[in-house]
Amino acid sequence: MDYVRLGSTGLKVSRICLGMMSYGSTQWREWVLDHDGAEPIVRRAVELGVTFFDTADVYSLGASEEITGKLLGTLFDRREDYVLATKVYNPMSDGPNDRGLSRKHIMASIDSSLRRLGTDHVDLYQIHRWDHDTPIEETMEALHDVVRAGKARYIGASSMWAWQFAKAQHVATVNGWTRFVSMQNHYNLMYREEEREMLPLCLDQGVGVIPWSPLARGLLARAGQGGTTRAESDDFMKRLYQDSDVSVATAVAAVAERRGVPAAQVALAWLLRQPAVTAPIVGATKLPHIEDAVAAASLELSDEEAAELEAPYAPHAVAGHS
């Protein structure tokens with residue numbers, strides 16, 4: 001496993017980030033694994049050198065953070081040995097203030113997340129989406145105070161328009177507040193709209209990119225071989241991808257067959273060769289999922305193979321910002 005800097009910071013992260021959304025409670029999503037189901041997968045990830053883990057308060061309404069905290073506390077000897085990220089924004093109850101990016105919600109949420117995670121700080125505290133109901137000045141000052149209080153080491157953002165991200169960074173700069181060091185966006189071979197604005201912005205500004213859904217909800221890994229429990233119940237996936245994307249999956253399958261490796265490794269290897277990308281956030285509900293992800297970090301594609309994978313792409317409507 002290679003370890004690289006997150007953007008222009010001094011923080012080193014593994015080239016693969018394990019997404020912890022898959023672990024929590026089946027009452028939230030039927031495909032989610034409980035603590036006992038998650039343990040061997042997370043253990044294997046640690047054995048393979050993964051030190052970067054991403055969750056969010058909304059995943060299983062807190063249960064994911066609880067499982068993440070328990071597992072990492074058991075599998076690592078020291079808190080300093082892993083990088084822990086979580087997120088804030090989505091509703092945690094029906095309460096009008098238990099959502100969004102107001103100062104009230106951020107301050108309450110960081111304390112709740114730390115309690116569930118069983119730690120006194122997270123390494124990366126991210127806003128899960130843009131809050132149209134809260135002034136960005138209020139959000140950035142609150143996040144700065146979270147960092148100043150020692151409850152987070154760095155802050156990051158997730159899917160939004162490039163102009164919104166630039167505005168947030170500008171507000172932080174002119175006020176002397178903490179700037180975002182990372183962007184967790186929707187990016188994979190089936191959805192490349194981020195290449196137009198967001199990725200060039202991140203490269204220019206030294207912001208690390210940690211894409212979510214690097215395998216397009218598993219579509220790139222299955223290459224048309226049938227659905228899964230998650231795919232069949234995932235309405236969000238239907239809003240992200242389109243019928244023409246099957247040609248991309250076909251190209252991935254062709255390269256994978258020639259290489260003699262699983263399609264997932266090829267799709268992830270393509271993502272890892274993109275200059276802006278620091279570490280894809282990979283979900284894993286089976287041991288081969290994490291093994292393929294780690295193997296992809298060592299798979300080098302040729303320029304010709306990359307061009308073959310990119311050729312079938314068709315533009316998409318922007319998706320994933322809400």
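Me: Which elements do the buried residues of α11 pack against, and how should I read the words "buried" and "contact" here?

Reply: Helices (H or I, at least four residues) and strands (E, at least two) are DSSP runs, numbered from the N terminus, while buried means under 20% relative accessible area, exposed over 50%, and partly exposed in between (1.4 Å probe, protein chains only). Contact means heavy atoms within 4.5 Å. In this predicted model, the buried residues of α11 pack against α7 (219–222), α10 (246–259), β10 (281–282), α12 (287–296) and α13. Helix α11 covers residues 263–272, and 10 of its 10 residues are buried, among them Gln265, Trp270 and Leu272.

Me: What should I keep in mind about the model and its numbering?

Reply: Residues are numbered from 1 along each chain as its sequence is written, and side-chain values use heavy atoms, with hydrogens and water left out. The model is predicted, and local features need pLDDT of at least 70, side-chain atom pairs count only at pLDDT 80 or more, and totals for chains, interfaces and linings use all residues.

Me: In which sense do β7 and β8 pair, and where does the chain run between them?

Reply: Two strands pair if DSSP finds at least two bridges between them. Strand β7 (residues 152–158) pairs with β8 in the parallel sense over 4 bridges, and Gly156 stands opposite Ser182 in β8. From β7 the chain crosses through helix α5 (residues 162–175) to β8, in a β-α-β crossover that is right-handed, a word used if, with the strands pointing away from the viewer, the path from the first strand over the helix to the second runs clockwise.

Me: Which strand follows β8 in this kind of crossover, and how many residues of β8 are buried?

Reply: β8 and strand β9 (residues 208–209) pair in the parallel sense over 2 bridges, with Met183 standing opposite Val209 in β9. The chain crosses from β8 through helix α6 (residues 198–205) to β9, and this crossover is right-handed. Strand β8 spans residues 180–184, and 5 of its 5 residues are buried.

Me: Where does Gly7 lie, and which residues does Gly7 touch?

Reply: A loop residue can be read by its place, its cover and its contacts. Gly7 lies in the loop between β1 (3–5) and β2 (12–14), and Gly7 is partly exposed, with a relative accessible area of 24%. Not counting residues up to four places away in sequence, Gly7 touches Gly206, Val207, Gly208 and Thr278. The C-alpha atoms of Gly7 and Ile41, 34 residues apart along the chain, are separated by 27 Å.
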